[in-house]
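User: Hi, I'm new to this one and would like a walk through it. Could you take me over the main points?

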Protein chains: 2
Amino acid sequence: MNLTDACAAIEKSIGKKFSTIIMCNCEINYFGRARSHLAQGDRIIIIKSDSCILIHKPKGRNPVNWMSSTPEITLSMELDYFQLKASSIKPKEELLINVFEVYSISSHPLIDTEQLKLAGSERDMSDMIYEKPQLVKEDFKPINREEKTDYGFLDVFGYDSKGNFVIVECKRYTAGLDAVTQLRRYVEKVKSSKGVSNVVGIIAAPSISPKALKMLTDWGFSYKQVNAPKNFKNDEISQEKINKFF
Amino acid sequence: MNLTDACAAIEKSIGKKFSTIIMCNCEINYFGRARSHLAQGDRIIIIKSDSCILIHKPKGRNPVNWMSSTPEITLSMELDYFQLKASSIKPKEELLINVFEVYSISSHPLIDTEQLKLAGSERDMSDMIYEKPQLVKEDFKPINREEKTDYGFLDVFGYDSKGNFVIVECKRYTAGLDAVTQLRRYVEKVKSSKGVSNVVGIIAAPSISPKALKMLTDWGFSYKQVNAPKNFKNDEISQEKINKFF
DNA sequence: TACTACATCTCGCAT
DNA sequence: ATGCGAGGTGTAGTA
């Protein structure tokens, strides 16, 4: 494809706020929060209607370069390439793409008013524990969940039958050292803020790493195996399907 | 575009391991680590040569759905749509895309042997501190950097002139509470493992959050402002350009 | 705006 | 395979 024509076509597509996708040979320089250089090769450039730019190599899940924060996009034709330049002010960043060859351009006004419905987040997990506290501790009476308290962001907290303050830290995946130190921070904060010592710390997660478990028990906390729920709310029938799948 | 033809074209492109990009109207269901549903709308489907699949809405930086771990991809024509199905075994996941309308298909064998060169990572920062320890503490004599010891991953560590053990935790961005708890964990580990008490903990970062700073000083640690370097190694001329840009 | 913590995080590295 | 920590992380929620 002729470079000049391609450059003009892209400029037009961007101007119309169409989703624009370019398969091309290019080199890329980035300056900003870090600095990067990628020598010439074949890539996919995606320019969305909100001026978000993604550049993908032919392999891998993540973009090799990108620019998301409301950039200005300008195109300029040079001798044997055209340059696509995207800038943002805060953070101060600059993305320079020199395009040497264009294999294909796709341009279309895409409309999508729907939003993703997701089940199985940590929030869903803490909701479940709040509703069924016995999943974590027989005599656990939760007061609240996912609350930014004076003590920090506690996933679920309340009291047990002995009057101990109970703090539950949820992880939807294997709990590691981070999770334990996080729990410790919350427990210490509650102890010092309330001036009490009878605080029970519990990690609720599908699994826990050995080192994390050791650290946990060393500090007098405990672990309870809990899996994140995967049913949509107000969607009774779904759990059956899920069980069939897993 | 005719759905049956589109389905065949996509199947052929995937079979040849071409990078394949589809602008289409579709609905998406995902089962796996979580569960998600996205009702009908216009999206961009990217299928790479390594069978990595990304689905993008017309806005935003991140894919709304994806599948990266060596999935099998199958296509099947139904009455008024065709289904693209991707499965992976571990983790057990399934991605179902029902395509109702195809606006464009791009297919090309992309070749890219180059790799991103990046400057300004935390590793670059700890290298710099190792080489210029006075950036952190006048009398700091580093022993090693980026070492996985029995105590954890210490960014830079060594001794000062008073014989104190010094641990430096680097962050390339604003240090938060997690950075402080991480440093604390390392310091405590070193203290208990070596049976010493004279351990100095320092956070080196361009900035630090107020709460993190309070916690840091409460625990007797300190903060030193350090910025990540942004010059490529063996690239003397570059720093000049960087200075001009910033 | 700044701070905090989650994410279907992903990715690399080391055990 | 698992554990651990960085990331140009991005993103949402909140004060």
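Analyst: We can go through the surroundings of the two DNA strands, then some strand pairing and a helix pair. Please keep in mind throughout that this is a predicted model.

User: OK, DNA strand C to begin with: how many residues surround it, and which are the closest?

Analyst: DNA strand C is surrounded by 24 residues, and the closest are A:R172 and A:R185 from chain A together with B:R33, B:N65 and B:S209 from chain B. Of the atoms of DNA strand C that come within 4 Å of the protein, 85% belong to sugar and phosphate.

User: Which elements supply the surface near DNA strand C?

Analyst: At least two residues each come from α3 (177–194) of chain A, and from β4 (65–67) and α4 (210–218) of chain B. Among the contributors, α3(A) gives the most, with 3 residues.

User: And what is that surface like by class?

Analyst: The surface near DNA strand C has 10 nonpolar, 5 polar and 9 charged residues.

User: What does the side chain of B:S209 come close to on DNA strand C?

Analyst: An N or O atom in the side chain of B:S209 is 2.7 Å from a phosphate oxygen of DNA strand C. B:W66 also has a polar side-chain atom that lies 2.9 Å from a phosphate oxygen of DNA strand C, whereas for B:Y30 the partner is a base oxygen, 3.0 Å from an N or O atom in the side chain.

User: Switching to DNA strand D, which residues are the closest there?

Analyst: The closest to DNA strand D are A:W66, A:E93 and A:S209 from chain A, with B:R172 and B:R185 from chain B, out of 24 residues that surround the strand. Sugar or phosphate makes up 80% of the atoms of DNA strand D within 4 Å of the protein, and the rest belong to bases.

User: What about A:Y30, what part of DNA strand D is its side chain beside?

Analyst: A base nitrogen of DNA strand D is 3.0 Å from an N or O atom in the side chain of A:Y30. Phosphate oxygens of DNA strand D also have partners in chain B, with a polar side-chain atom of B:E169 at 3.4 Å and one of B:Q182 at 3.3 Å.

User: Where does the largest share of the surface near DNA strand D come from?

Analyst: The largest share, 3 residues, comes from α3(B), while β4 (65–67), α3 and α4 (210–218) of chain A each supply at least two residues. By class, that surface has 8 nonpolar, 5 polar and 11 charged residues.

User: Away from the DNA now, how do α3(B) and α4(B) pack?

Analyst: Helix α3 (residues 177–194) of chain B and α4(B) pack at an angle of about 20°, and their axes are 8 Å apart. Because angles under 35 degrees count as roughly parallel, α3(B) is roughly parallel to α4(B). The crossing of these two helices, α3(B) and α4(B), is right-handed.

User: Last topic, the strands: in what sense do β1 and β7 of chain A pair?

Analyst: Strand β1 (residues 19–31) and strand β7 (residues 93–108) of chain A pair in the antiparallel sense, over 13 bridges, and A:T20 stands opposite A:S107 in β7(A).

User: How many bridges join β6 of chain A to β7(A)?

Analyst: Strand β6 (residues 82–88) of chain A is joined to β7(A) by 7 bridges, and the two run antiparallel. They form a hairpin with 4 residues between them, and A:F82 stands opposite A:V99 in β7(A).

Conventions. Residues numbered from 1 in each chain as written. Chains lettered and ligands numbered in written order. Predicted model: local features only at pLDDT ≥ 70, side-chain atom pairs only at ≥ 80, totals over all residues. Heavy atoms only, no water. Pairing = 2+ DSSP bridges. Near = heavy atom within 4 Å. Polar contact = N/O pair within 3.5 Å; in protein donor to acceptor, adjacent residues only side chain to side chain. Nonpolar A, V, L, I, M, F, W, Y, C, P; charged D, E, K, R; others polar. Axes fitted to C-alpha atoms, helices over the stretch in contact; angles between N-to-C directions. Parallel < 35°, antiparallel > 145°, perpendicular 65-115°, else oblique. Left-handed = near helix turned anticlockwise from the far one by under 90°.
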